[in-house]
Amino acid sequence: MFKLFFMIFLRAILLFFILITPLKADTIYNLIKIPNLEIYKINTENRLRYLYATKPFILGLNVQKNINCFNSDKKALDKKYQIVKRNLDRYSLNFLKKINLKYIVLCENLSIAEINTAGIPNNKTRTLILDIKFNESHFERAIHHELFHIINDNYKELFNKSIWENFNKKNFEYSDCSTCSNKWNLDLLDDGSGFFTEYSKSTVSEDMAEVFSHLIFYQDKINIEDSIIGKKILFIKKKILQIDNTFNFLKND
Amino acid sequence: MISKIKISKSEKIILYFLIILGVFTLASLLMLKNKCLFVKNYDPNGIKFNNPENIAILNTNCGNIIIELYPNISPIAVKRFKTLIKSGSYDDVAFHRVIEGKLIQAGDLEFGKKENLDYGKVGSGKSGLGRIKSELNGKFKYDKGSVGLARTFELNTEDSQFFIILQDEALFEGEYTPVGKVLYGLEVLETIKFVPKFHIVPRPDFINTFKMLN
């Protein structure tokens, strides 16, 4: 008898806590699970929805809440929005649907596990968080770099790591993760090593993202005398066209 | 010896005033308790519809909500919705999630039925017919009174649960599969029980019946 009452009591307490879970009526939060966001612009031609942080927010990958980003002042936001939009306008609605990208979150001083980063893609929520205060000289190219991670996450089978690794010189080995080494430099290398930047040497997916971003941002201005880079560019082009055969690598100015 | 006390004129006025005040207070209390009192109940039989085959009537305690379904925009979702309506599956199902002025959600056929409402699980139940694909490419504006199919965090997980929005929601466009729009009875929707700050409505209102017009 006591056991039965105890069970009923326990169930009542549990139900009480379930029922008073704070109600998050915020539509944006319900959609992408990031708090403190407002709409910046949603009626864009390629239907990307731009959101911005009104207050700092903390997010968690898995259990740890280790992603931080802060709100920006309006002036910086307006300026960087134009740059971000100009770059992302190069991707068609059809392509964005195929790669599962819909929301762009603009905030500043984005970090993951206290390491600053240009962006954090999440293909499940179809969201790309961008740090609008990221390194000025590489900011625009970094947008395409982060976008490539969304592509890669959606088409892992297409971007085969073993094939890619075979493009490199024998004995070369990537690090275990993008933050496991001190290869952070994003300046262009011109040493015939088969990599665009020092950061390319960190992991396969960062290397692919660097190739993609250089290809998209610098387009035909890239001097491909490095045969390894040449092979990598051909690989990326081929795979992107497999995703969308109408993809245009050149800017329509 | 006092034979009789006569009520003065002013005392009479006060007495009448108190009686009137009492009656008025009682009547007000009764009126306030009846949330349906000033809500218009629409009779679908007295209304001419352009597409009567796509008209669904959701009946609640305060009256009818008349919904037009859009099979041209979301053929798979509307087909599922009609199947469940025609089979009477939505009858006696709770409006389990109601956010004041924002949306009402119902349609959990597994844990939302009046006879076996499970507060711990309502919102996660299935219809038994399986999940259907999200239909997000049609042109549809999510303004007040729009009806859509609810889903989990992932696309292509729509089943039987649906929602009706009580305010314009531009962000819902391209996110949730639309099924139709409320033509009449938005004021009925506003009487559905909600509890501020509660995620799931305790002792919720229920759908009486949900039927197709034809």
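Before I come to the loops, let me say that strands here are DSSP runs of at least two residues, numbered from the N terminus. Please also keep in mind that what we are looking at is a predicted model.

With that in place, I would like to begin with B:Asn156, which sits in chain B, in the loop that runs between strand E5 (146–149) and strand E6 (162–165). Its phi is positive, at about 60°, although the residue is not a glycine. Most residues other than glycine have a negative phi. As for its surroundings, B:Asn156 has 12 other C-beta atoms within 10 Å, and because 12 or fewer is the cut-off, it counts as exposed.

Chain A offers a second case, A:Ala113, where phi is near 50°, again a positive value in a residue other than glycine. A:Ala113 lies in the loop between strand E5 (103–112) and strand E6 (115–116) of chain A, and it is exposed, with 11 other C-beta atoms within 10 Å.

Let me now turn to the domains. Chain A is assigned domain 1 (23–134) and domain 2 (155–253), and the centres of these two domains, taken over C-alpha atoms, are separated by 24 Å. Where they meet, six residues of domain 1 of chain A are in contact with five residues of domain 2 of chain A. On the domain 1 side, helix H4 (residues 93–99) of chain A gives the largest share, four residues, and by class that side has three nonpolar, one polar and two charged residues.

Chain B, finally, is divided into domain 1 (11–38) and domain 2 (44–212), with 39 Å between their centres, again taken over C-alpha atoms.

Technical notes:
Residues are numbered from 1 along each chain as its sequence is written. Chains are lettered from A and ligands numbered from 1 in the order in which they are written. This is a predicted model: local features need pLDDT of at least 70, side-chain atom pairs count only at pLDDT 80 or more; totals for chains, interfaces and linings use all residues. Domain bounds come from an automatic or database domain assignment. Two residues are in contact if their C-beta atoms, placed from the backbone, lie within 7 Å. Ala, Val, Leu, Ile, Met, Phe, Trp, Tyr, Cys and Pro count as nonpolar, Asp, Glu, Lys and Arg as charged, and the others, Gly among them, as polar. A residue is buried if 20 or more other C-beta atoms lie within 10 Å of its own, exposed if 12 or fewer, and partly exposed in between; C-beta atoms are placed from the backbone.
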